[in-house]
Amino acid sequence: MTIKTDIAIIGSGPGGYVAALRAAQLGASCTLIEKDRLGGVCLNWGCIPTKALLYSAEVIESAHTASDFGINIGDVVVDWDGVQAHKNSVVKKLTGGVEVLLKKAGVNILYGAASFIEPTILQVEGESGTETVEARDVIIATGSRNASIPIPGLDGPGVVDSTGALALEALPNSICIIGAGAIGLEFASLFNDFGVKVTVVEMMPRIAPLMDEAISRGLDRALSGKGIDLHTNTRVSRVEHDGKQCIITMTKDGEEQKVSTDIVLSAIGRAANIENIGLENLGIKADRKGIQVDNRMRTAVPHVYAIGDVAKDGPMLAHVASHQGIVAVEDAMGLTAHMAYNAVPSCIYTSPEVASVGLTEEEARNAGYEVVTGTFRLGANGKALAMGVSDGFVKVVSDAKNKAILGVHIVGPHASDVILEGTLSLDMEVTLGEMRHVIHPHPALGEALAEAMLDAEGISLHSVSRKRK
């Protein structure tokens, strides 16, 4: 059977399904091909289930500290089966919602594994047999998978990836996490809140190495203060299993150290899914980082686009994938659209959260800017203090010459929400001077961002860290 369609999309993650919805809005016939579950990794085994567990962990943390706010709860008991049931319920609701949206939009959902025969002809192998899809334009949205590195024993018993960590039947007593990026740190935070002894090993000099250095230091201090054992500048050389526990051998400054733990979680990043989709039939040469595209998400082959984690050079973030999907579809439909990455927010949903948008201080200096920064401690913010938060801060990176806002960085509660104002500031190219006229609600965490921007000009009203001008 041959299916003819305007736009064919391979993969139904946040990039693929959003692209399909936008294509339908613009009047295109669209076939969305998925080999597993609608929603892809993000909704089924990544962003959403992880955040559900993190919220359960937040509830536990609140229960443990309730007496600080005059609320006496008594013993707090973790019902792991109940926690998993909550997670699964959230996933089911969201994936079911996506299916409803797609069907109501008239998107043809085709289950199976797709591969290119020609640039606009796909072969789809499904449970019911083989079908051919002929399209005017094709969007590759095949996503990514957990990356692997050649560490002896990393594929042995007791070692899990993020998918396995989400599906644990019982909480371990201890866990060692390899990798202190967003995935590793989020799991470290949630397992710690659930009472698990957590060790994190990171080969880079600091945790959250892609964040501003001040953010990394602040998060390190917060997580260490909660009892998480952090090892930076440290490499794991091998993992062994003695029948009961995993023994991790790690090296720092030439000295070996061993750690015994119930489970090892490999969280060393993601690799693009570029295999077995017939790229060789198109002449496209991709690597583990993905497929090269331009700012309209077009590959080197006409009428073939790549979005999301499979698109090279773009950040591997669900919200980026969604926007890339919209750009690809709009370009295919003859509209003017392009990707810009100067205002992409990045969040780590630890406790406390961290969030960042724009340039770090180091990146801004390396780019040749005359940098001035402003900071404001949450310990001086009324809403934060009411929440029992005395640590955390907001940092603003700006250009000393024209007062342009170059980056915003946050450590603290609801950082993933507060960062939106910084994202808008960068996207709309608002200056520090213009931000003075924005009225913030009081009391609110967002006031800390306003004060940090004032501090960058030396005129913070609620801080004595700078001389007022």
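**Exercise 1. Where is the place of P443?**

Solution. Start with the numbering and the model: residues count from 1 along each chain as its sequence is written. This is a predicted model, where local features need pLDDT of at least 70, side-chain atom pairs count only at pLDDT 80 or more, and totals for chains, interfaces and linings use all residues, while side-chain values use heavy atoms and leave out hydrogens and water.

Step 1. Find α12 (432–435) and α13 (446–456); P443 sits in the loop between them. Helices (H or I, at least four residues) and strands (E, at least two) are DSSP runs, numbered from the N terminus.

Step 2. Check the bond before P443. The peptide bond from H442 to P443 is cis, with omega near -5°.

Step 3. Look at P352 as well. It lies in the loop between β18 (346–348) and β19 (354–358). The bond from S351 to P352 is cis, with omega near 10°. Most peptide bonds are trans.

**Exercise 2. Describe the sheet that contains β13.**

Solution. Step 1. Read the order. Three strands form an open sheet, β12-β13-β14, with antiparallel pairing. Two strands pair if DSSP finds at least two bridges between them.

Step 2. Mark the edges. These are β12 (235–241) and β14 (255–261), each pairing on one side only.

Step 3. Follow β13 (residues 246–252). Its antiparallel pairing with β14 runs over seven bridges. K252 stands opposite E255 in β14.

**Exercise 3. Compare the settings of N233 and M297.**

Solution. Step 1. Take phi. N233 is not a glycine, yet its phi is positive, about 55°. M297, also a residue other than glycine, has a positive phi near 70°. Most residues other than glycine have a negative phi.

Step 2. Place them. N233 is in the loop between β11 (229–231) and β12. M297 is in the loop between β16 (270–272) and β17 (304–306).

Step 3. Check exposure. Buried means under 20% relative accessible area, exposed over 50%, partly exposed in between (1.4 Å probe, protein chains only). N233 is partly exposed at 40%, whereas M297 is buried at 0%.

**Exercise 4. Which residues touch the most other members of the largest nonpolar core?**

Solution. Step 1. Define the core: buried Ala, Val, Leu, Ile, Met, Phe, Trp, Tyr and Cys residues joined through side-chain atoms within 4.5 Å.

Step 2. Name them. Of its 56 residues, they are I9, L102, I139, I140 and M297.

Step 3. Trace I139. Beyond its neighbours within four places in sequence, its contacts (heavy atoms within 4.5 Å) include I7, A19, Y305 and V329.

Step 4. Add the second, separate core. It has 38 residues, among them A165 and I228.
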